Amino acid sequence: MTPTIIETQAIDGQKPGTSGLRKKTAVFMGPNYLENYVQSIFDGIGGVAGKTLVVGGDGRYFNDSAIQIIARLAAGNGAASIIVGQNGLLSTPAASHLIRLNGTDGGLILSASHNPGGPDADFGLKYNTPNGGPAPENVTDKIYAATTTISQYKTIDATDIDLGTLGETKLGDMTVRIVDPVANYADLMASLFDFDAIKALFASGFTMRFDAMHAITGPYATAILEDTLGAAKGSVVNAVPSPDFGGGHPDPNPIWAKTLVDEMMGSDAPDFGAASDGDGDRNMIMGRGIYVTPSDSLALLAAHATAAPAYAGGLAGVARSMPTSAAVDRVAERLGIEAFETPTGWKFFGNLLDAGRVTICGEESAGTGSTHVREKDGLWAVLLWLNILAKTKSSVKDLMQNHWSDYGRNYYSRHDFEDIDSAKAHACFDALRAAIPTLPGQTHAGLTVESASEFAYDDPVDGSHSAAQGLIVAFNGGARAVLRLSGTGTVGATLRLYLEALETDPNKLTGDPQQALSEVIKAAHAIMQIEAHTGRDAPNVIT
Ligand code: VG1
Ligand code: CO
């Protein structure tokens with residue numbers, strides 16, 4: 001079938017951020033916006049003629065129409081085939097798995113992840129490479145360059161694909177395979193974990209609540225937790241993905257998953273609570289009466305991973321993003337394995353995972369994952385926790401408290417100042433950057449600055465260099481404050497202030513993090529002058 005060539009013009013601002021391109025839905029639906037970006041992805045990766053791609057998304061508003069447009073462009077560009085989740089749905093980790101399982105030339109994931117969805121909210125698109133992981137910077141740079149010089153795109157004249165029917169069809173000369181979004185992923189999970197032990201745990205009366213937040217993990221969690229592992233019916237709530245996530249904000253943290261937090265802190269709390277985000281790659285973990293901070297969850301999973309068959313032979317190494325607490329580093333030290341510190345964003349873990357240098361990695365933003373795919377994976381983290389709970393026969397609270405007694409506790413919190421005027425946020429950030437040389441030796445709120453630096457990363461596998469990855473102020477005694485500008489927002493700017501202090505006194509391990517960090521918070525504000533720059537004296541989200 002002869003492709004149709006459509007003339008177009010470059011559109012400003014199609015620059016991928018921390019995880020793909022995210023914009024207001026209306027922007028993505030604007031004339032040629034999606035078409036330009038998809039053609040630029042294809043051009044940036046050297047064309048898709050004869051190639052196979054996985055395509056799927058988190059089901060947010062515009063997901064299905066966008067897939068039809070992408071399919072026509074793929075056919076117009078001569079792709080051999082596309083593998084699409086039924087009804088256009090695929091969680092991000094499931095898409096990563098399908099890319100790897102089928103040895104495809106990568107995939108397109110439609111999601112703005114934890115950002116809200118709907119006609120007035122956010123949409124996003126990212127390209128994942130053949131290893132199943134988000135495209136690294138050298139690839140996204142080429143894609144962005146292509147968006148600035150594009151003059152035409154190739155599509156075909158064809159009617160929509162029937163996304164609802166499983167099986168193979170044709171779109172022009174291209175084969176379209178519609179697959180069950182859950183089945184292969186569920187098989188993968190069964191191959192990693194001791195499902196019999198988890199079944200026995202549920203059979204013994206263990207209770208859990210999983211909040212899918214009206215997003216993509218609903219069908220996955222229902223199939224795996226309830227139908228396969230025997231969690232009581234109704235354990236999974238908000239399980240039907242909706243285009244606007246039930247009007248909510250599908251970000252699994254104590255603010256947006258407050259209903260779950262209230263239940264877990266209440267008198268009738270289940271034994272275990274969890275939630276995932278819009279596209280299924282994040283996790284929030286709770287026990288009865290306890291919220292597990294993502295950095296602690298990463299450390300605990302690393303310490304106990306051998307409970308699961310997939311990791312019984314031990315871990316090759318671990319990695320965390322720079323702003324993530326150092327709790328996992330001390331586990332690695334004890335285990336005698338390597339620990340890596342990478343910039344924010346999953347794309348930086350790919351090389352380490354591919355090279356077999358690390359087995360488990362994670363971020364403070366509730367992302368945890370392993371070698372099984374090349375994305376963070378919310379349900380995977382939940383299942384590893386369940387496997388550990390089944391094997392140790394401990395409660396979440398006991399596991400965490402024993403962990404802190406053993407290793408000390410890295411008190412940790414992230415304060416987000418969202419929706420700030422972009423110029424003001426950048427001025428605040430730039431002022432701190434400029435002050436770096438003068439900070440060491442200064443004392444604020446009783447804390448003396450030991451060092452201040454801007455984080456840069458040299459990838460130990462391919463040697464690539466990534467500059468400007470966040471500002472670190474380290475204090476004597478091991479506490480630190482980190483400042484970053486978010487790369488996933490769609491309006492204004494978000495300043496993220498990450499706070500951490502290590503406590504090893506056995507009598508001070510069960511305090512409130514905001515209390516334990518109060519000196520660091522004061523010192524950070526004195527140094528960073530966030531209020532003077534932005535007019536905001538308090539964060540609007542604390543995790
Ligand atoms: C945020 C998180 C980061 C995460 C990224 C994508 O990025 O901080 O850790 O990898 O979102 O997660 P930023 O640049 O806004 O801080 V997801 O689940 O939104 O794809
Ligand atoms: Co996500």
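**Notes on the predicted model**

1. Let's start with a residue on helix α12. Asp354 touches Asn131 and Arg374, leaving aside residues up to four places away in sequence. Asp354 sits in helix α12, which covers residues 350-354. How accessible is Asp354? Its relative accessible area is 40%, so Asp354 counts as partly exposed. If you were wondering about Ser297, that residue is 57 residues from Asp354 in sequence and 23 Å away in space, C-alpha to C-alpha. Keep in mind throughout that this is a predicted model.

2. Next, the sheet. Seven strands make up an open sheet with mixed pairing, and the order reads β2-β6-β5-β3-β4-β9-β8. Which strands stand at the edges? They are β2 (21-24) and β8 (167-171); each has a single partner strand, so one side of each has no neighbour in the sheet. From one strand to the next, the twist averages 20 degrees.

3. Helix α3 (residues 63-76) packs on that sheet, where it touches β3, β4 (81-89), β5, β6 (122-128), β8 and β9 (174-179). The direction of helix α3 makes about 170 degrees with that of β4.

4. Now walk through some of the pairings. β3 (residues 52-57) and β5 (residues 107-110) run parallel and are joined by four bridges, with Val54 opposite Gly107 in β5. Gly107 also has a bridge partner in β6, namely Asn128. β5 and β6 run antiparallel, again with four bridges between them. On to the edge strand: β2 pairs with β6 in the antiparallel sense over four bridges, and Arg22 stands opposite Gly124 in β6.

5. β6 deserves a look of its own. Is it mostly covered or mostly open? Mostly covered: seven of its seven residues are buried. Asp122, Gly124, Lys126 and Asn128 point one way from the strand, while Phe123, Leu125 and Tyr127 point the other way. That is a handy illustration of a general pattern: in a regular strand, side chains alternate between the two faces of the sheet. Note that Asp122 and Lys126 are among the buried residues here.

6. On to the metal. Which residues coordinate the cobalt ion (ligand 2)? Ser113 does so through OG, and Asp277, Asp279 and Asp281 through OD, at 1.9 to 2.1 Å. Along the sequence, the donor residues are spaced S-x163-D-x1-D-x1-D. Ser113 and Asp281 link distant parts of the chain, 168 residues apart: Ser113 is in the loop between β5 and β6, and Asp281 is in the loop between β12 (272-276) and β13 (283-287). Both Ser113 and Asp281 are buried.

7. That second loop leads to β12 and its partners. β12 and β13 form a hairpin with six residues between them, and Gly280 in the turn has a positive phi of about 85 degrees. The two strands run antiparallel and are joined by five bridges; Gly273 stands opposite Met286 in β13. β12 also pairs with β10 (residues 208-211), this time parallel and through four bridges, with Met208 opposite Phe272 in β12.

8. Why is β12 described as largely enclosed by the rest of the structure? Because five of its five residues are buried. Phe272, Ala274 and Ser276 point one way from β12, and Gly273 and Ala275 the other way.

9. Finally, the cores. In soluble globular proteins, nonpolar side chains tend to be buried together. The largest nonpolar core here has 74 residues, of which Phe193, Leu225, Trp380, Trp385 and Leu386 touch the most other members. Which element gives the largest share? Helix α13 (residues 378-392), with eleven residues. This core draws at least three residues from each of domain 1 (4-181) and domain 2 (185-407).

10. Trp380 is a good residue to click on. Setting aside residues up to four places away in sequence, its contacts include Tyr185, Met189, Leu192, Phe193, Leu301 and Tyr311. Also among them are Ile360, Thr368, Gly369, Ser370 and His372. There is a second, separate core of 40 residues as well, including Ile69, Ile70, Ala79 and Val176.

Key:
Residues numbered from 1 in each chain as written. Chains lettered and ligands numbered in written order. Predicted model: local features only at pLDDT ≥ 70, side-chain atom pairs only at ≥ 80, totals over all residues. Heavy atoms only, no water. Pairing = 2+ DSSP bridges. Axes fitted to C-alpha atoms, helices over the stretch in contact; angles between N-to-C directions. Contact = heavy atoms within 4.5 Å. Donors = N, O, S within 2.8 Å, 3.2 Å for Na, K, Ca; no water. Buried < 20%, exposed > 50% of the residue type's maximum accessible area, 1.4 Å probe, protein only. Core = buried A, V, L, I, M, F, W, Y, C linked by side-chain atoms within 4.5 Å. Domains from an automatic or database assignment.
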